[in-house]
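Here is a short report on a protein chain. Keep the sequence and the 3D view open as you read.

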Amino acid sequence: MSVQAYHQSLETKGYDAPVEKTWTAHRLNDTHTHDVDLYLYILDGEMTVSGPGYSTVCRPGDTIEVPGSQDHVEQVGDQGVRFLVATRPAGA
């Protein structure tokens with residue numbers, strides 16, 4: 001997906017405007033949840049997102065949605081990661 005297509009899909013999916021984040025190499029966010037749904041777009045680097053029954057490696061151009069209140073883990077790759085993340089009320 002292109003970054004333009006990601007931005008266009010935000011309103012359709014009910015997400016707020018995204019913010020850009022940069023995480024350092026090998027960062028591990030152990031099992032946790034959020035009180036909002038997340039919609040990520042990877043700009044640079046790599047992040048693996050794992051939850052019940054899945055593990056997805058996300059690279060530039062990839063998107064992933066993580067439902068609010070779902071246990072998940074985020075593991076950043078060797079080069080760090082820069083990404084956009086948008087939120088919406090959980091279950092919206």
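## His72, a buried histidine

In this predicted model, His72 has a relative accessibility of 1%. The cut-off for buried is under 20%, so His72 counts as buried. This residue lies in strand S6.

What does the side chain of His72 make a polar contact with? The partner is the side chain of Glu74, at 3.1 Å. Leaving aside neighbours within four places in sequence, His72 is also in contact with Asn29, Asp30, Thr31, His32, Thr33 and His34. Its list of contacts continues with Val49, Ser50, Gly51, Tyr54 and Val66.

## Strands that pair with S6

Strand S6 spans 72-89. S3, spanning 36-51, pairs with S6 in the antiparallel sense over 13 bridges. Within S6, Pro89 is the bridge partner of Val36.

Strand S1 covers residues 19-23 and pairs with S6 over five bridges, again antiparallel. Thr22 stands opposite Arg82 of S6. Strand S2, residues 28-32, is joined to S6 by three bridges, and these two strands run antiparallel. Leu28 has Gln75 as its bridge partner in S6.

## Val85, also in S6

Val85 lies in strand S6. Buried or exposed? Its relative accessibility is 10%, so Val85 counts as buried.

Leaving aside neighbours within four places in sequence, Val85 is in contact with Tyr6, Pro18, Val19 and Lys21, as well as with Leu38, Tyr39 and Leu40. Val85 and Trp23 are 62 residues apart in sequence. In space, their C-alpha atoms are 12 Å apart.

## The nonpolar cores

In soluble globular proteins, nonpolar side chains tend to be buried together. Here, the largest nonpolar core holds 13 residues. Which of them touch the most other members? They are Trp23, Leu40, Ile42, Met47, Val81 and Phe83. Strands S3, S5 (63-66) and S6 each supply at least two residues of this core. S3 gives the most, with five residues.

Another core, of eight residues, lies apart from the largest one. Its members include Tyr6, Leu10, Leu43 and Ala86.

Leu40 has contacts of its own to follow. Neighbours within four places in sequence aside, Leu40 is in contact with Tyr6, Met47, Asp62, Thr63 and Ile64. Phe83, Leu84 and Val85 are also on its contact list.

## Helix H1 and its two sides

Helix H1 runs over residues 3-13, and its buried residues are Tyr6, Ser9 and Leu10. Why do they line one face of the helix? Seen down the axis of H1, the buried residues fall within an arc of 120°, so they line one face. These buried residues pack against S3, S5 and S6. Two of the residues on that side, Tyr6 and Leu10, are among the members of the eight-residue core.

What does the face turned away from the buried side carry? It carries the exposed residues Gln4, Gln8, Glu11 and Thr12. Just after H1 comes Gly14, with a positive phi of about 85°.

Technical notes. Residues numbered from 1 in each chain as written. Predicted model: local features only at pLDDT ≥ 70, side-chain atom pairs only at ≥ 80, totals over all residues. Heavy atoms only, no water. Core = buried A, V, L, I, M, F, W, Y, C linked by side-chain atoms within 4.5 Å. Buried < 20%, exposed > 50% of the residue type's maximum accessible area, 1.4 Å probe, protein only. Helix = DSSP H or I, 4+ residues; strand = E, 2+ residues; numbered from the N terminus. Contact = heavy atoms within 4.5 Å. Polar contact = N/O pair within 3.5 Å; in protein donor to acceptor, adjacent residues only side chain to side chain. Arc of directions from axis to C-beta. Pairing = 2+ DSSP bridges.
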